Each structure stands twice: as C-alpha cells, then as structure tokens.
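Trainee: Before we look at anything, could you show me how to read a protein fold in an orderly way, from the overall layout down to single side chains?

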Amino acid sequence: MDYITKPCVENVLLQRNLRISKNYITGTLYTFPTSFMFKCNESDATSKGLQSIPGGEIQVPHCQIESIERLNLTSSGTPLYIRCKTFLVLKFIFRREPDANEVERTLNRLSKPVSIEEISVLNYRPTLFIA
C-alpha cells in the first residue's frame, strides 16, 4: 500500500493496564495493509510474564479500529490511544514524536477508506509466476 511509509517502529511502549501507570511492555509495532501488530521483546515477555498476551503479540485488523487519539508530548514520549470496536483499548507510547505522527496518520488512513478501491481485500491482485 502507498499509505504505509513506516511499516516498523521499534522501542514502542504498550501499557498493559490503563489503571496502573508504570506497567509497560517494550516491543515493535508493525503496520500491514490489513492490520497492525505489536510484538513484545523477548526480554519483556519472560521477565513480565505475559499470560494475557498469547504468543507475545497483539494483532488488530484495521476494520476494528474505532478511534485514534494522540495526546500531548510527555516526559516518557508521545502517547497514542487506539480504541477498537471490540472494546479493546491500547495505549502506545512512542519515544519519538514523528513516529507517533506517522503511525497515527497511517492507521487513520487505513482504518477509514474513502473509496471502495482503497479496501485491500477488494484490491488484491495475485502475481503469476511463470517457470
């Protein structure tokens, strides 16, 4: 997709419990044409006991995103709230503000297509390999 200019952002913090302010997991945020995925680092997965995150990753399809809200810059980074239609709320903290801006712009564009041609399922063109 042309909208994905930064498919991978490393050193992103995910707040596990929104009620506890210092409960963060460090990982990498990947953006795909149909979904986005947060994969936690191996060191955090073993030290913090991620029973609530099977496989150490969270994957959310773009069609499930209800709203994206970027808050003001704090001392720890730029927070980005993603609220899903399934009542899942994810709070990511980006260490660099340009990364947060780019992810917000990309997810907003992919989660709210303007025309039917922008829906990746309807725009799939397989490649043919001729041997």
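The dialogue below moves from the overall layout to the sheet, the rings and one single residue.

Trainee: Which helices and strands should I expect, and in what pattern do they follow along the sequence?

Mentor: Keep in mind that this is a predicted model. The protein has two helices and seven strands, and along the sequence they are arranged as β-β-β-α-β-β-β-β-α. Of its 131 residues, 37% are buried, and among contacts with a separation of 6 or more, 44% join residues 24 or more positions apart.

Trainee: In what order do the strands lie in the sheet?

Mentor: The order in a sheet is read from which strands pair, and here the seven strands form an open sheet, S4-S3-S2-S1-S7-S6-S5, with antiparallel pairing. Strand S4 (57-61) and strand S5 (65-70) each have a single partner strand, so they stand at the edges with one side left without a neighbour in the sheet. On average, and with direction ignored, neighbouring strands are turned by 30 degrees against each other.

Trainee: How many bridges join S5 to strand S6?

Mentor: S5 and strand S6 (residues 78-84) pair in the antiparallel sense over five bridges, and Ile65 stands opposite Cys84 in S6.

Trainee: Which strands does helix H2 lie across?

Mentor: Helix H2 (residues 97-111) lies across strand S1 (8-15), S2, strand S3 (35-40), S5, S6 and strand S7 (89-94), and it runs at about 155 degrees to S5.

Trainee: How many aromatic pairs does the structure hold, and how should I read their geometry?

Mentor: One reads the distance between ring centres together with the angle between planes, and the structure holds three such aromatic pairs. One of them, Phe36 with Phe92, is edge-to-face, at 6.3 Å centre to centre and 75 degrees between the planes. Because Phe36 lies in strand S3 and Phe92 in strand S7, this pair ties together parts that are 56 residues apart in sequence. The rings of Phe38 and Phe92 have centres 5.6 Å apart and planes at 45 degrees, so that pair is tilted. Phe36, Phe38 and Phe92 form one aromatic cluster; Phe36 and Phe92 are both buried, and Phe38 counts as buried at 1% relative accessibility.

Trainee: Is Thr28 buried or exposed?

Mentor: Burial is judged against a cut-off of under 20% relative accessible area, and Thr28, at 10% relative accessibility, therefore counts as buried. Thr28 sits in strand S2 (residues 24-31), and, leaving aside its neighbours within four places in sequence, it is in contact with Cys8, Val9, Glu10, Met37, Phe38, Lys39 and Asn41.

Terms used: Residues are numbered from 1 along each chain as its sequence is written. This is a predicted model: local features need pLDDT of at least 70, side-chain atom pairs count only at pLDDT 80 or more; totals for chains, interfaces and linings use all residues. Side-chain values use heavy atoms; hydrogens and water are left out. Helices (H or I, at least four residues) and strands (E, at least two) are DSSP runs, numbered from the N terminus. Buried means under 20% relative accessible area, exposed over 50%, partly exposed in between (1.4 Å probe, protein chains only). Contact means heavy atoms within 4.5 Å. Two strands pair if DSSP finds at least two bridges between them. Axes are lines fitted to C-alpha atoms, for helices over the stretch in contact, and angles run from 0 to 180 degrees between N-to-C directions. Rings of Phe, Tyr and Trp (its six-membered ring) pair if their centres lie within 6.5 Å; planes under 30 degrees apart count as stacked, over 60 as edge-to-face and the rest as tilted.
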